[in-house]
Amino acid sequence: METAPTPTHCPYCALQCGMHLTPGPGGVEVTERADFPVNRGALCGKGRTAPALLSSAVRLTSPLVRAGGVLVPAGWDEALDRIAAGLTAARTGHGPDACGVFGGGGLTNEKAYALGKFARVVLGTSQIDYNGRFCMSSAAAAGTRAFGLDRGLPFPLADLPRTGCLILVGSNLAETMPPALRYLTELRENGGTLIVVDPRRTRTAEQADLHLAPRPGTDLALALGLLHLVVAEGRTDDAYIQERTSGWGEARAAAMAHWPEHVERITGVPVPQLREAVRLFCAPEAAMVLTARGPEQQSKGTDTVGAWINLCLATGRAGRPLSGYGCLTGQGNGQGGREHGQKADQLPGYRKLTDPAARRHVAEVWGVDPDTLPGPGRSAYELLDALGTDVRALLLMGSNPVVSAPRAAHVEDRLRSLDFLAVADVVLSETAALADVVLPVTQWAEETGTTTSLEGRVLLRRRALDPPPGVRSDLAVLHGLAARLGVEKGFPTDPEEVFDELRRASAGGPADYSGITYRRLSEENGVFWPCPDTPPHRPDPATHAPDRTDPTTFAPPHADPTTLAPPHADPTTLAPPHADPTTLAPPHAHATPVPAPPEATHPGTPRLFLDRFATEDGRARFVPVAHRPAAEEPDAEYPVLLTTGRVVAQYQSGAQTRRVAELNAAAPGPFVELHPRLAARLGAAEGDPVAVVSRRGRAVAPARITTAIRPDTVFMPFHWPGAGRANTVTNPALDPTSRMPEFKVCAVRLERAAPDVTPG
């Protein structure tokens, strides 16, 4: 009897592409799921090969405990007992805040919720944060400051091909989210224009009508220069500014201090290109700006994103159909992960931990006294920096900071200095290898749970097969630990039960999930938050017509959907080399409308801010910002700039993708990308080992020489540990608002390195 395919979602990036999984004697088969509107059946190489990690040969299948300095297999009771004892010893000897918890943007909403609750209710600690702080926290802070609410995209991805102009800032979407590249292709086929801002000529920049290549760390000046030109050329939308915003006078004055020639000197972007960017952005009726890690992972990332938001507001491109600012969230559940309590300053529903009403509401759901809830704790890097001193024991789930954190050698030292470290993960990551106890946990295909995509669409991942014997879910881990630490109830192992509690905890909050159920997620292919458990009001159809557009469609009514997926589109953007593109992006695959929810339920909110913004007065807020240098500028000793990023075949710290043979064949190791002029000065040829040296350390990798990068800049991908670990070099300088480290720019020098003579 054939096994029916299970509809589910990819475990990797925030697109959360739909896929079908079918277990069989030869392993788990991935097949297209054309009914899911975001990817319409297309998958990148990472998604297509994701089942390779389900093999017991590459994953953890037994708890490990440290004995005699090495990790050895152990039973679950022994492992959980040891963790409970380690946490108890730290709390007894040094107080509740001596216990730390570090989560991950790949955890489901249920796990993130339970982890935050565990930290605050069971451990009583304020010391909890997660690796999503390293991802989109600057965009979240800027969006909240301007709009009163943070949701990665305030509109569905389906709107992108229908806007008039898109400015993509610091995103190499073609490599980080390959199935989304079709949206850019469709935008241009529909007559829209694409502007890409990136110091490198990436595969994404090659698709652009205009590529702006600023010096790393100068995106803020670039945005201010464009706004200056908007004002000088009389392109502001004065009626919109008057009716829907506040604070324009101060923001305008700040922008006018950044005249074009001054901005050219700072950024290296010629004035004619600045003027052309303004012309392209302002010419159509609708336009968008999307940012990613490039402008966000800076010590001024919040202000940088704020400057791009100001550009949208000044031109009336926010809170209108097919217009607005959005953030391309990176991790699989980076959006949901920051909404439900694993972030240092938040409670479920995106509530503020400092808000007395929020504390009362959540405490009532949890059955505790609100006065017992701790206050805000340290941000991610600050928490890691405090390990071994203020924080003596750490429970870490779904993260690998030995590779992914800035100033990584220092973070590794801090982890080694802990009295006790416990890690729950799928594989023995570089961080797990340092632990006193390692717990093997289930993967996406072996468990049910929800994630929230970069669109704000809550999705249901479904269990397709049983985990290997000896593997338990993260929810079971928290249940077992809570019981050992004296809390017998409140930590169920059934994900739907946890989600129902999350719904109650989020009710009335900014990220309200109370009207979302597993049944709705299954029947409707996801639901956009906010979605309260109340029927919607009946607005004026004229102002709300766009909100009722079927969010799963990719085209305006009556448009031929086949024009949005042309047969001549480059299949290599959707599949790895040699893959059959017809199995990944069939030309006949297009979105299938989903059933409308019953009249008595809220339909969800695909498009935000069409009537008002989420501020007290309903107006968006301009924030005056001014350019300032990076925390570390080049000098005589360190004359070159380093920027970092990803490659198409690897993901984040590489802990999972480096274990997939096909992906490793495509991207086997780190490299240093540098311009021919810089290589000539160094005396380096293609493939020669090059050392990238900063004030924090040294990374060595083969040279990759290309004219696609600025002569004053080098690039390294950050997926690898060891000698080529890019984050050994990066700067942990923090944004004062978001506490985001400055991954994207630091001063380095280059040196010729000795060839690797390690025997093969």
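**A walk through helices H10, H3 and H19, and two loop residues**

Just after helix H10, Gly268 takes a positive phi of about 85°, and I would like to begin there, keeping in mind throughout that what we are looking at is a predicted model.

Let us step back from Gly268 into the helix itself. H10 runs over residues 260-267, and within this stretch Pro260, Val263, Ile266 and Thr267 are buried. If you look down the helix, these buried residues cover an arc of only 120° around the axis, so they sit on the same side of H10. What do the buried residues of H10 pack against? They pack against two other helices, namely H7, which spans 219-232, and H11, which spans 271-282.

Now I would like to turn to a pair of helices. Two packed helices are described by the angle between their axes and by the distance between those axes. For helix H3, residues 109-123, and helix H19, residues 474-484, the angle is about 15° and the axes are 10 Å apart. Because angles under 35 degrees count as roughly parallel, H3 is roughly parallel to H19. The crossing in which H3 passes H19 is left-handed.

Which residues meet in this pair? On the H3 side they are Glu110, Lys111, Ala114, Leu115, Phe118 and Val122, and on the H19 side they are Asp474, Leu475, Leu478, Leu481 and Ala482. When the residues of this contact between H3 and H19 are sorted by kind, eight are nonpolar, none are polar and three are charged.

Finally, let me take two residues that lie in loops, beginning with Thr329, which is found in the loop between strand S13 (324-327) and helix H14 (334-337). Is Thr329 buried or exposed? Its relative accessible area is 0%, and because buried means under 20%, Thr329 counts as buried. Leaving aside residues up to four places away in sequence, Thr329 touches Ala14, Met136, Gly152, Met177, Arg293, Gly334, Gln335, Arg338 and Leu454.

The other loop residue is Arg612, which lies between helix H22 (541-544) and strand S22 (620-621). With a relative accessibility of 43%, Arg612 counts as partly exposed. Again not counting residues up to four places away in sequence, Arg612 touches Arg244, Asp617 and Gly618. As a last point, if you follow the chain from Arg612 to Gly683, the two are 71 residues apart in sequence, and from C-alpha to C-alpha they are 58 Å apart in space.

Note on methods: Residues numbered from 1 in each chain as written. Predicted model: local features only at pLDDT ≥ 70, side-chain atom pairs only at ≥ 80, totals over all residues. Heavy atoms only, no water. Helix = DSSP H or I, 4+ residues; strand = E, 2+ residues; numbered from the N terminus. Buried < 20%, exposed > 50% of the residue type's maximum accessible area, 1.4 Å probe, protein only. Contact = heavy atoms within 4.5 Å. Arc of directions from axis to C-beta. Axes fitted to C-alpha atoms, helices over the stretch in contact; angles between N-to-C directions. Parallel < 35°, antiparallel > 145°, perpendicular 65-115°, else oblique. Left-handed = near helix turned anticlockwise from the far one by under 90°. Nonpolar A, V, L, I, M, F, W, Y, C, P; charged D, E, K, R; others polar.
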